[in-house]
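Welcome to this short tour of a protein model. Take a look at the picture, and then we will walk through it together, topic by topic.

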Amino acid sequence: MLITCFQNIFLKANSYLIEIDDQLIVIDPSEDTLFIQMILQKKKLLRYIILTHEHIDHIMGINRLKKMFEKVSIVATDYTSTAIPNPKKNLSVFHGFEFVGVNVDKIILTSDLIKINDYLSINLFPCKGHSRGGMFIKIGDYLFCGDEFIFEMKTVTKLPGGNSNEVIKSFDFLKANFHNETIIYPGHGEKFLLRELKIW
Ligand SMILES: [Zn+2]
């Protein structure tokens, strides 16, 4: 498995391109041309676009990618699926434009998994705290957590739907269910280990 991180121009959000054998998975797609080129250069099938949460800086590439790869499945929680076509809920309106995203193909209501091949599945765990529509995405020993946790930073809970008690629940969930050396890829900034995660 090969993971490449791309930093968006817009708000410096992280987009991830994951290569597993002959398949590609994108987490939180950027619409930057450089990111799209990165995907095209692989010359492989883009199977899934998975969204960590509903905020505009993490979803902007979905329309462009869905147009280019008609068969790709967009995966998100139920709340995120309602926020994507709603500029107020996805916060784009607060950044001065109205983003209306395409429909989600697979809605995640509770812990779920997507089988990639005989030996690998993607585990999905809805979470709340930073936003209403959050989701942890675990692939092998790697965990993608969006903005629920960012290295050496207090989780932002002041945006609509933010809830600091839910952040504590998410923290306890990760510490109880995954080993300390799990590598965490956040929605902004550098990756870190679960043992380095603390609550502020
Ligand atoms: Zn966010």
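Let us begin inside a sheet: strands β3 and β4 run parallel and are joined by 5 bridges. This is a predicted model, in which local features need pLDDT of at least 70 and side-chain atom pairs count only at pLDDT 80 or more, while totals for chains, interfaces and linings use all residues. Residues are numbered from 1 along each chain as its sequence is written. Helices (H or I, at least four residues) and strands (E, at least two) are DSSP runs, numbered from the N terminus. Two strands pair if DSSP finds at least two bridges between them.

**The sheet from β1 to β6**

- Strands of a sheet pair through backbone hydrogen bonds, either parallel or antiparallel.
- Here 6 strands form an open sheet with mixed pairing, in the order β1-β2-β3-β4-β5-β6.
- Its edge strands are β1 (2–7) and β6, each of which pairs on one side only.
- On average, neighbouring strands of this sheet are turned by 20° against each other, direction ignored; such angles run from 0 to 180 degrees between N-to-C directions, and the axes are lines fitted to C-alpha atoms, for helices over the stretch in contact.

**Strands β1, β2 and β3**

- β1 and β2 run antiparallel, joined by 6 bridges, and Phe6 stands opposite Ser15 in β2.
- Strand β2 (residues 14–20) is also antiparallel to β3, with 5 bridges joining them.
- Along that pair, Leu17 stands opposite Val26 in β3.
- What does Asp21 take in the hairpin of β2 and β3? Asp21 takes a positive phi near 50°, and the hairpin has 2 residues between the strands.
- Strand β3 (residues 23–27) is mostly covered, since 4 of its 5 residues are buried (a residue is buried if 20 or more other C-beta atoms lie within 10 Å of its own, exposed if 12 or fewer, and partly exposed in between, with C-beta atoms placed from the backbone).

**Crossing from strand to strand**

- Back at the parallel pair, Ile25 stands opposite Tyr48 in β4.
- The chain gets from β3 to β4 through helix α1 (residues 33–42), in a right-handed β-α-β crossover (right-handed means that, with the strands pointing away from the viewer, the path from the first strand over the helix to the second runs clockwise).
- Helix α1 lies across β1, β2, β3 and β4, and runs at about 5° to β2.
- Strand β4 (residues 45–50) is parallel to β5, with 3 bridges between them; the bridge partner of Ile49 in β5 is Ile74.
- β4, helix α2 (residues 62–68) and β5 also make a right-handed β-α-β unit.
- From β5 the chain crosses through helix α3 (residues 78–83) to β6, and this crossover is right-handed.
- β5 and strand β6 (residues 106–108) pair in the parallel sense over 3 bridges, with Thr77 opposite Ile108 in β6.
- Strand β5 (residues 73–77) is mostly covered, with 4 of its 5 residues buried.

**The sheet from β7 to β12**

- Another open sheet of 6 strands has mixed pairing and the order β7-β8-β9-β10-β11-β12.
- Its edge strands are β7 (112–117) and β12 (192–193), each pairing on one side only.
- Strand β9 (residues 134–139) and strand β10 (residues 142–146) run antiparallel, joined by 3 bridges; there Ile137 stands opposite Phe144 in β10.

**A look at Ile122**

- Is Ile122, found in strand β8 (residues 120–127), buried or exposed? Ile122 is buried, because 21 other C-beta atoms lie within 10 Å.
- Leaving out residues up to four places away in sequence, Ile122 touches Leu113, Ile114, Ile116, Ile137 and Ile139 (contact means that the C-beta atoms of two residues, placed from the backbone, lie within 7 Å).
- Val100 is 22 residues from Ile122 along the chain, and their C-alpha atoms are separated by 27 Å.

**Helix α4 and its two faces**

- Helix α4 (residues 164–177) has 14 residues, which should span 20 Å at 1.5 Å a residue, and its end C-alpha atoms are indeed 20 Å apart (the expected span is 1.5 Å times one less than the number of residues).
- Which residues of α4 are buried? They are Glu166, Val167, Ser170 and Leu174.
- These buried residues are on the same side of α4 because they cover an arc of only 105° around the axis, where the arc is that of the directions from the helix axis to the C-beta atoms.
- The buried residues of α4 pack against β8.
- The face turned away from the buried side of α4 carries the exposed residues Asn165, Asp172 and Ala176.
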